Amino acid sequence: MTMNTVGRPTRPDAAAEAAAAPASLTGGRGLLQDEPLIFERGGWGKTGVDLPAPAHDAADLAGFVRDEVALPGLSEPETLRHYVRLSQKNHAIDLALYPLGSCTMKHNPRLNEKAARMAGFADLHPLQPAATVQGALELMDRLAHWLKTLTGMPAVALSPKAGAHGELCGLLCIKAAHEAAGQGQRRTVLVPTSAHGTNPATAAFVGYSVAEIAQTDDGRVDLADLAAKLGPDVAAIMVTNPNTCGLFERDIMEIARLAHEAGAYFYCDGANFNAIVGRVKPGDLGVDAMHINLHKTFSTPHGGGGPGAGPVVLSEALAPFAPAPWVVAGADGFQLAEQPAGEAAQAFGRMCAFHGQMGMFVRAYAYMLSHGADGLRQVAEDAVLNANYIKARLSGALTPAFPDGPCMHEALFDDAWLEGTGVTTLDFAKAMIDEGFHPMTMYFPLVVHGAMLIEPTETESLRELDRFCDALLALAQAAKAGDAERFKAAPVLAPMRRLDETLAARKPKLAWRPEAETG
Ligand SMILES: *Cc1c(COP(=O)(O)O)cnc(C)c1O
């Protein structure tokens with residue numbers, strides 16, 4: 001008999017269960033329904049709504065006939081059940097801890113969702129006259145105020161739609177500033193070896209060449225290497241702080257000083273702002289530009305790649321080059337500065353149509369107000385405390401990549417402890433799925449062998465942290481006891497087994513076709 005953590009029997013004997021493992025007759029699995037793709041359900045011609053017959057028919061279309069559009073026809077309950085069934089096949093932040101390091105997967109408070117759905121925010125159109133959207137513009141202005149206050153920076157561009165988009169915005173500001181100063185020959189961006197892939201990708205996208213800055217044995221930027229690589233060709237450095245090893249760059253002010261002395265700008269990747277919000281102002285550290293992933297630090301949903309928001313705060317030197325539009329408060333209320341004139345004369349252009357993701361602005365602002373200044377500081381403190389709790393509990397069994405001293409908001413382990421077990425980081429992560437946990441970030445940062453990067457965020461209670469650590473410790477014990485089979489086969493209990501992720505990434509099927517057509 002398998003007992004759960006409070007000693008209540010959960011399942012019959014695991015071995016007996018595995019031997020019996022009856023395949024169901026229908027493909028269902030207990031409470032998990034088998035569910036085809038919505039297109040496979042067919043029902044063309046059927047509709048879930050009743051509309052009156054149109055007054056005109058096909059005969060009025062002068063011979064033009066619309067083809068079958070082949071949209072699946074489902075009733076309202078069928079539609080609902082389809083999506084609920086799909087949602088049960090995947091992990092969700094409302095189900096359990098989401099330990100993805102570098103992603104800051106925190107609880108999305110329902111209060112924020114409620115605010116974002118208020119008609120005064122949700123039912124606006126971006127082309128409405130400014131006079132009719134004063135409340136929305138005021139909210140953007142206040143959000144901008146708090147982002148500037150929390151970062152100690154004088155300006156912010158709200159329109160970028162993700163962290164990576166924010167990086168692009170920041171580098172375009174830097175490029176414009178160099179060109180305005182006759183420094184267009186600066187064509188190189190320096191990036192540490194532990195950087196997130198978006199940093200070098202963004203620099204290359206802007207047309208810069210990328211050079212790597214070495215890392216010290218204790219996981220920080222190598223100052224000597226940085227100093228050696230800075231020169232008249234360097235446009236900017238891109239440094240994450242706390243960095244992707246979960247460590248605070250303790251020489252951050254020296255890093256900024258060296259960059260400025262060499263005429264380069266300091267772009268700070270602010271994805272890890274959650275660890276220091278309310279405690280440290282990046283402006284005080286010499287940062288010139290930094291994106292803030294609202295879906296990380298300020299709890300807006302990550303949502304399958306969008307809709308995101310990645311505002312960029314800017315220093316005095318870069319502020320004039322910020323992209324349009326931005327909110328200006330005047331005698332007639334709030335307006336958007338859209339045209340390259342007046343204070344926006346040097347704007348490098350714009351990042352997107354309109355002003356950014358209103359729904360995310362509302363959620364992030366609601367999060368700030370509901371926490372207050374003291375609450376936001378507590379967010380950073382609890383996120384760091386939780387990560388250190390995990391580091392402390394797991395360090396006996398797993399090998400921390402940087403054992404000396406505490407970590408910031410994420411705990412990083414390497415795979416040295418798996419040596420000789422026949423189990424890899426990937427196998428271990430897959431086995432976590434069978435235990436009901438989403439894997440941590442794997443094989444990133446690249447500088448740590450077989451990296452396992454765990455970020456609990458402040459969302460998790462002591463009880464949840466213990467549940468998670470207990471599961472990992474039990475798995476670690478199984479791996480060390482030589483039960484490699486369990487890991488090689490995993491996941492066995494998930495709706496999908498191990499997938500060919502390379503094939504999926506290299507040859508994605510992006511459109512559904514009936515089986516008959518794909519052959
Ligand atoms: C998440 C992340 C990014 C990219 O942010 P997106 O919002 O996903 O585009 C960049 N750098 C680091 C360190 C990150 O963790």
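Tutor: Contact here means heavy atoms within 4.5 Å of each other. The model is predicted, and that cut-off applies to the packing of helix H11 (residues 425-434) discussed next.

Student: What do the buried residues of H11 pack against?

Tutor: They pack against strand E14 (441-442), strand E15 (452-454), helix H12 (462-480), helix H13 (484-489) and helix H14 (501-506).

Student: What makes H11 mostly covered?

Tutor: A residue is buried if its relative accessible area is under 20%. In H11, 8 of the 10 residues are buried. They are Thr-425, Asp-427, Phe-428, Ala-429, Lys-430, Ala-431, Met-432 and Asp-434. Just after H11, Gly-436 has a positive phi of about 90°.

Student: Why is Ala-144 called buried?

Tutor: The relative accessibility of Ala-144 is 10%, and the limit is under 20%, so Ala-144 counts as buried. Ala-144 belongs to helix H5. Beyond the neighbours within four places in sequence, its contacts are Val-156 and Leu-158.

Student: How far is Ala-144 from Thr-425?

Tutor: The two are 281 residues apart in sequence, and their C-alpha atoms are 41 Å apart in space.

Student: How do you know which strands are the edges of the sheet with the order E3-E9-E8-E7-E6-E4-E5?

Tutor: That is an open sheet of 7 strands with mixed pairing. Strand E3 (155-157) and strand E5 (209-213) each pair on one side only, and they are the edge strands. Averaged over the sheet, neighbouring strands are turned by 25° against each other, direction ignored.

Student: Why do E3 and strand E9 (residues 312-314) count as paired?

Tutor: Pairing requires at least two bridges. E3 and E9 have 3 bridges, in the antiparallel sense, so the requirement is met. Val-156 stands opposite Val-313 in E9.

Student: What does helix H5 (residues 134-151) touch on the sheet?

Tutor: H5 touches E3, strand E8 (289-291) and E9, and its direction makes about 125° with that of E3.

Student: How many disulfides does the structure hold, and why is Cys-245 not in one?

Tutor: The structure holds 0 disulfides. A disulfide needs two cysteine sulfur atoms within 2.5 Å. The closest cysteine sulfur to that of Cys-245 is in Cys-407, 11 Å away, which is too far for a bond. For Cys-407 the closest is in turn Cys-245, at 11 Å. Both residues are under the 20% limit for buried: Cys-245 has 2% relative accessibility, and Cys-407 has 6%.

Student: What makes a group of residues a nonpolar core, and how many residues has the largest?

Tutor: Its members are buried nonpolar residues joined through side-chain atoms within 4.5 Å. The largest has 58 residues, and Leu-147, Leu-226, Ile-237, Phe-298 and Phe-361 have the most contacts inside it. Helix H10 (358-394) supplies the largest share of this core, 13 residues.

Student: Where does this core lie with respect to the domains?

Tutor: Domain 2 (112-367) and domain 3 (379-506) both contribute residues, so the core lies between them. Apart from it lies another core, of 32 residues, including Met-238 and Trp-326.

Student: Which residues does Ile-237 contact, its neighbours within four places in sequence aside?

Tutor: Ile-237 contacts Leu-190, Leu-226, Leu-230, Ile-255, Ala-259, Tyr-265, Phe-266 and Tyr-267.

Terms used:
Residues numbered from 1 in each chain as written. Predicted model: local features only at pLDDT ≥ 70, side-chain atom pairs only at ≥ 80, totals over all residues. Heavy atoms only, no water. Helix = DSSP H or I, 4+ residues; strand = E, 2+ residues; numbered from the N terminus. Axes fitted to C-alpha atoms, helices over the stretch in contact; angles between N-to-C directions. Buried < 20%, exposed > 50% of the residue type's maximum accessible area, 1.4 Å probe, protein only. Domains from an automatic or database assignment.
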